[in-house]
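Student: I have the model open in front of me. Could you pick one part for a close look and then connect it with some other parts of the fold?

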Amino acid sequence: MCGYSRDEVIGQNGRIFQGPRTNRRSVMEIRDAIREERTVEVNLLNYRKDGTPFWMLFHMSPIFNKEDGSVTHFIAVQIPIARSRRGLCGGNKSTSRTNGVNLWEDMAFSSCRREVCSEGIVELGHVVEFNPIFDSHTSGIEVEEPCEANEVEKRRATSAINSIISVLTHYSELTGRLVCGKKCSCYGTSPLGSSITISLGRIKQSFVLTDVNTPDMPIVYASNAFFKLTGYSKNEVLGRNCRFLSGADTDTSTIHLIKESVRTEKPCTVRILNYRKDGSSFWNLLHISPIRNASGKIAYFVGVQMDKSSRSHGRDGLSFEMRHKSTVGAVRVALRTLSMAAASCSSSTY
């Protein structure tokens, strides 16, 4: 379909198929879908090795680790768009027998979703060929005007994606590294996307995110600084309510203030006696604040913890209040992409 050999494709990024007339907006749609870890389907003008352009339906879907919900792969299916005898885009039964499928995967089954690079697109791993078939009827497609895939071609792309996911799921069961086509949302795992987790991971302060839309407001994210401060591991924290940090001498009136802050959806700062995993206590200068989504509704509460006895605080000249506000602001910025993705998905079929 593209004229490249296997050795010329494996290890390359998908942008090698783009050219001067490739629609930048369509490319950005793909990049946004990668960042937001969702399915995307666009009509795209690509180029063969000899430089000739051709229109194709590009359908991409993420593959998730079944245990922790992280993205392990992206599958991309390419269906050349056939042109009918009238010269309009969209094939008929006699001209739509085309199918090209590339699976971008990491052969060792480790995550191929590395840090998003400067151009905003993920570096993809190896390419595995799934018997691509190219029909010569599509070789004469002109590029002056955009082509739209018809329903038959769209169904073919969806069917190919589902078939590959089925193969990957079966293979993962044999290897013990389970994957699936939908994000895992079970307790003990974070429902946040990998790109959001990466952004939150850059925040050095101790903090947690709790989901207000789930009973008992479980923790869905905790920073590395939180694990260091409390001595708990990730698996011991996610899915639990923050009350597990309380102990025998924790003031119940302070806990009441926190509950009242959540009920009234307002931020508050308290000094509370908390306990580490080893049983030692520390005075926690805790600040909690609501995080709203794109529609203005509260989606999370962020809790910022500061050990009041720690000597590390104050070295940069910032007060506790400024540190709290700075951390909450950084969390809001990191979650902004998630809010935008949720808003766009509400008006999309994906």
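Tutor: Happily! Let's start with Cys268, which counts as buried because its relative accessibility is 16%, under the 20% cut-off. Cys180 is buried as well, with a relative accessible area of 16%. Keep in mind that this is a predicted model; with sulfur pairs required to lie within 2.5 Å, the count of disulfides in it is zero.

Now to the main stop, helix α2, residues 24-36. Its 13 residues should span 18 Å at 1.5 Å a residue, and the end C-alpha atoms are indeed 18 Å apart, so expectation and model agree. At the N-terminal end, Asn23 acts as the cap, placing a side-chain oxygen 2.7 Å from the backbone nitrogen of Arg25. Along α2, the buried residues are Ser26, Val27, Ile30, Arg31, Ala33, Ile34 and Glu36. In an α-helix there are 3.6 residues a turn, so positions three or four apart point the same way. Just past α2, Glu37 adopts a positive phi of about 55 degrees.

From there, turn to the largest nonpolar core, which has 19 residues; Leu200, Leu209, Val331 and Leu335 touch the most other members. At least two residues of this core come from each of α4, β7, β8, β10, β11 and α8. Beyond its neighbours within four places in sequence, Leu200 contacts Leu192, Phe207, Leu209, Tyr221, Val331, Ala334 and Leu335. A second, separate core has 18 residues, among them Trp55, Leu57, Ala157 and Ile165.

Finally, the unreviewed UniProt entry annotates residues 219-241 as "domain: PAS". That span is 48% helix and 17% strand, and its end C-alpha atoms lie 6 Å apart.

Note on methods: Residues numbered from 1 in each chain as written. Predicted model: local features only at pLDDT ≥ 70, side-chain atom pairs only at ≥ 80, totals over all residues. Heavy atoms only, no water. Buried < 20%, exposed > 50% of the residue type's maximum accessible area, 1.4 Å probe, protein only. Helix = DSSP H or I, 4+ residues; strand = E, 2+ residues; numbered from the N terminus. Expected span 1.5 Å × (residues − 1). Polar contact = N/O pair within 3.5 Å; in protein donor to acceptor, adjacent residues only side chain to side chain. UniProt positions renumbered as here; feature names shortened; annotations may be inferred. Core = buried A, V, L, I, M, F, W, Y, C linked by side-chain atoms within 4.5 Å. Contact = heavy atoms within 4.5 Å.
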